[in-house]
Amino acid sequence: MPDSHRKTVTIINNETGQREEFPIIGGTRGPAGVDIRQLYQKMGMFTYDPGFKSTASCSSEITFIDGEKGVLQYRGYPVEQLAEHTCYLEVCYLLLNGELPTETEFGHFHNMITTHSMVNEGLKDFIRGFRYDAHPMAILVGVVGALSSFYHDSLDIHDLRHQEISAHRLIAKMPTIAAAAYKYSLGQPIVYPSNDLCYSENFLTMMFSSPTQRYEVNPLHARVLDLLFLLHADHEQNASTSTVRLAGSSLANPFAAVSAGIGALWGPAHGGANEAVVRMLEEIGDVKRIPEFVARAKDRNDPFRLNGFGHRVYKNYDPRARLVRDAAHDLLEQSKTSDPIFEIALRLEEIALEDDYFVSKKLYPNVDFYSGIIYREIGIPLNMFTVLFAVARTVGWIAQWREMIQDPERVIGRPRQVYKGPEHKDYTPTEERGFHANCQRVCPGRPTAKWSRS
Ligand code: SDX
């Protein structure tokens with residue numbers, strides 16, 4: 001068969017002349033992959049790709065991103081259509097099951113999530129073990145990992161029913177745990193979920209009601225929060241989802257894997273960016289100071305980066321950012337409030353997108369750039385912004401975890417390295433390392449002697 005028809009790539013080692021062919025794996029959309037699983041066996045070398053910029057860690061049917069075109073699809077549906085026509089829980093069903101639900105399917109799913117929103121009373125003691133001023137993400141990492149200790153009846157990760165009930169429990173309980181972390185920081189009693197509220201209404205009620213004051217949910221707040229949850233639901237193999245897959249590949253339970261993902265999301269380069277964006281906009285404080293911060297972001301000697309700008313995959317406008325910006329604008333307009341940092345954000349975007357540095361590096365606002373404006377308007381405190389991202393992304397994490405567990409090609413993730421340390425060293429006795437001659441060391445497996453200083 002002529003070379004042009006073989007779906008392979010040939011790698012030639014120009015030093016040795018060795019040539020090896022590797023198959024190309026194509027998908028339904030987007031770049032194909034070169035299957036290099038035999039590279040080390042055939043050529044005795046590894047690929048080198050810190051940050052995995054050119055590496056596909058898996059094949060997946062869940063989410064598709066075209067960074068050049070600014071496309072995001074959940075199970076083939078454009079996120080713009082889902083944002084316009086569906087709600088977060090319907091998207092949860094779609095991400096988990098691969099298709100939009102019928103009325104009966106959605107009714108059953110909605111009921112499963114609603115009736116699993118309470119947490120075991122014992123979890124309150126976990127939360128009380130944290131300092132009152134613990135960051136709620138620290139509480140989320142700890143409590144979600146501890147959830148597995150309550151569900152010994154469903155931890156067989158190969159059992160399809162256990163996979164499903166764990167997914168329902170995580171999606172249902174994350175808002176309850178998140179709100180409980182917030183209430184704990186206020187020294188207020190935890191508010192129980194209510195079965196007659198929808199997902200975002202329930203979360204807002206658990207966040208803001210108290211024994212002395214019933215909280216009336218603003219329908220506009222509930223709707224825009226549901227949109228934010230929907231837009232953050234999944235995003236292909238980002239850092240936190242890759243963490244969940246890697247942790248899950250060791251066959252750890254899904255609660256432990258999701259807890260690892262929460263930790264990865266916390267960083268300001270990832271999910272922590274929404275909190276960092278608002279802190280940055282507050283620090284800018286006035287549109288007149290924008291040029292100063294833009295100059296700093298462009299200065300390679302200054303570690304400051306424009307939070308909420310840039311993306312590993314999107315080299316065009318993040319479609320979610322546009323939807324969040326428009327929702328923020330509508331919310332402020334309908335609430336007849338103005339938020340000075342929204343004005344700063346709009347002006348900052350305008351200035352940056354006219355600046356060659358950002359244009360040439362294809363740095364556009366990402367999903368985190370405007371989301372904080374909405375959270376502020378709703379009354380969500382700054383240190384809860386990334387927590388809401390984690391609540392929303394739980395369905396993506398658990399859908400990707402389940403796809404990985406069910407993948408016939410699944411193996412434990414174990415990347416290699418290019419070693420650059422010392423080639424070889426022999427042990428240097430303590431006497432040659434300046435230890436006092438009479439100094440006795442106590443090491444396990446060595447003749448014990450009292451540690452004594454002369
Ligand atoms: C999320 O992966 C996902 O899908 C994540 C996410 C999801 O839904 O899960 O979309 C959510 O995490 C969005 C990203 C949120 N993070 C931020 O907003 C933090 C600010 N952004 C940057 O830290 C950065 O853009 C990253 C981390 C998002 C992406 O980094 P990359 O792809 O590794 O890009 P890079 O660091 O190689 O940057 C390329 C160039 C560099 O300049 P040079 O070295 O080529 O001269 O662009 C510069 C960078 O210095 N650059 C920026 C910048 N982002 C990149 N310069 C100033 N400000 C920025 N924000």
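# Helix 3, cores, pockets and cavities

Student: Which are the buried residues of helix 3?
Tutor: The model is predicted, and burial is taken here as a relative accessible area under 20%. Nine of the 10 residues of helix 3, which spans residues 88-97, meet that description, so the helix is largely enclosed by the rest of the structure. The buried residues of helix 3 are Y88, L89, E90, V91, C92, Y93, L94, L95 and L96.

Student: Which residue, with a positive phi, follows helix 3?
Tutor: Helix 3 covers residues 88-97, and the residue to look for is the one that comes after the helix. Its phi is positive, near 90 degrees, and the residue is G98.

Student: How many helices and strands does the chain have, in the setting of which helix 3 is numbered?
Tutor: The C-alpha atoms fill a box of roughly 75 × 70 × 55 Å along the principal axes, and of the 454 residues in the chain 45% count as buried. Among contacts between residues at least 6 apart in sequence, 67% join residues at least 24 apart. The secondary structure of this chain amounts to 18 helices and six strands.

Student: Into which domains is the chain divided?
Tutor: The separation of two of these domains is given by their C-alpha centres, which for domain 1 and domain 2 lie 39 Å apart. The division of the chain, with its residue bounds, is into domain 1 (3-56), domain 2 (75-268) and domain 3 (273-378).

Student: Which residues touch the most other members of the largest nonpolar core?
Tutor: The largest nonpolar core has 116 residues, and the members that touch the most others are Y74, F203 and I380. Helix 18, residues 385-406, gives the most to this core, with 14 residues, while domain 2 and domain 3 each contribute at least three residues to this core. The residues asked for are therefore Y74, F203 and I380.

Student: With which residues is Y74 in contact, leaving aside its neighbours within four places in sequence?
Tutor: Y74 is one of the residues touching the most other members of the largest nonpolar core. Its contacts include V91, L94 and L95, which are among the buried residues of helix 3. With the sequence neighbours within four places left out, the full set of residues in contact with Y74 is I62, T63, V79, L82, V91, L94, L95, L230, L231, H232, A233 and D234.

Student: Is F293 buried or exposed?
Tutor: F293 lies in helix 13, residues 290-298, and beyond its neighbours within four places in sequence F293 is in contact with E283, I284, F304 and L306. One of these, E283, is 10 residues away from F293 in sequence and 9.5 Å away in space, C-alpha to C-alpha. Because its relative accessible area is 1%, F293 is classed as buried.

Student: Which helix gives the largest share of the lining of the second largest pocket?
Tutor: The second largest pocket has a volume of about 380 Å³ and is lined by 20 residues, with A83, L220, R223, V224 and L227 nearest its centre. Domain 2 and domain 3 each supply at least three residues of the lining, and helix 8 (199-208), helix 9 (219-231) and helix 14 (319-334) each supply at least two. By class, the lining of this pocket has 12 nonpolar, three polar and five charged residues. The largest share, eight residues, comes from helix 9.

Student: What volume does the largest cavity have?
Tutor: The structure holds three cavities of 30 Å³ or more. Helix 4 (103-114), helix 7 (160-186) and helix 8 each give two or more residues to the lining of the largest cavity, which counts 13 residues, with I113, T114, S117, Y199 and N202 nearest its centre. That lining has eight nonpolar, five polar and no charged residues. The volume of the largest cavity is about 100 Å³.

Student: Which residues line the second largest cavity?
Tutor: About 90 Å³ of space lies in the second largest cavity, and helix 5 (122-128) and helix 7 each supply at least two residues of its lining. Its lining residues divide into nine nonpolar, one polar and two charged. The residues that line the second largest cavity are M118, V119, E121, L123, K124, I127, T176, I177, A180, I190, Y192 and P193.

Methods: Residues numbered from 1 in each chain as written. Predicted model: local features only at pLDDT ≥ 70, side-chain atom pairs only at ≥ 80, totals over all residues. Heavy atoms only, no water. 1 Å grid on protein atoms, 1.4 Å probe; cavity = no way out; pocket = protein on both sides within 12 Å on 5 of 7 lines; lining within 4 Å. Points joined across faces, edges and corners; volume = space filled by probe spheres on them. Helix = DSSP H or I, 4+ residues; strand = E, 2+ residues; numbered from the N terminus. Nonpolar A, V, L, I, M, F, W, Y, C, P; charged D, E, K, R; others polar. Domains from an automatic or database assignment. Core = buried A, V, L, I, M, F, W, Y, C linked by side-chain atoms within 4.5 Å. Buried < 20%, exposed > 50% of the residue type's maximum accessible area, 1.4 Å probe, protein only. Contact = heavy atoms within 4.5 Å.
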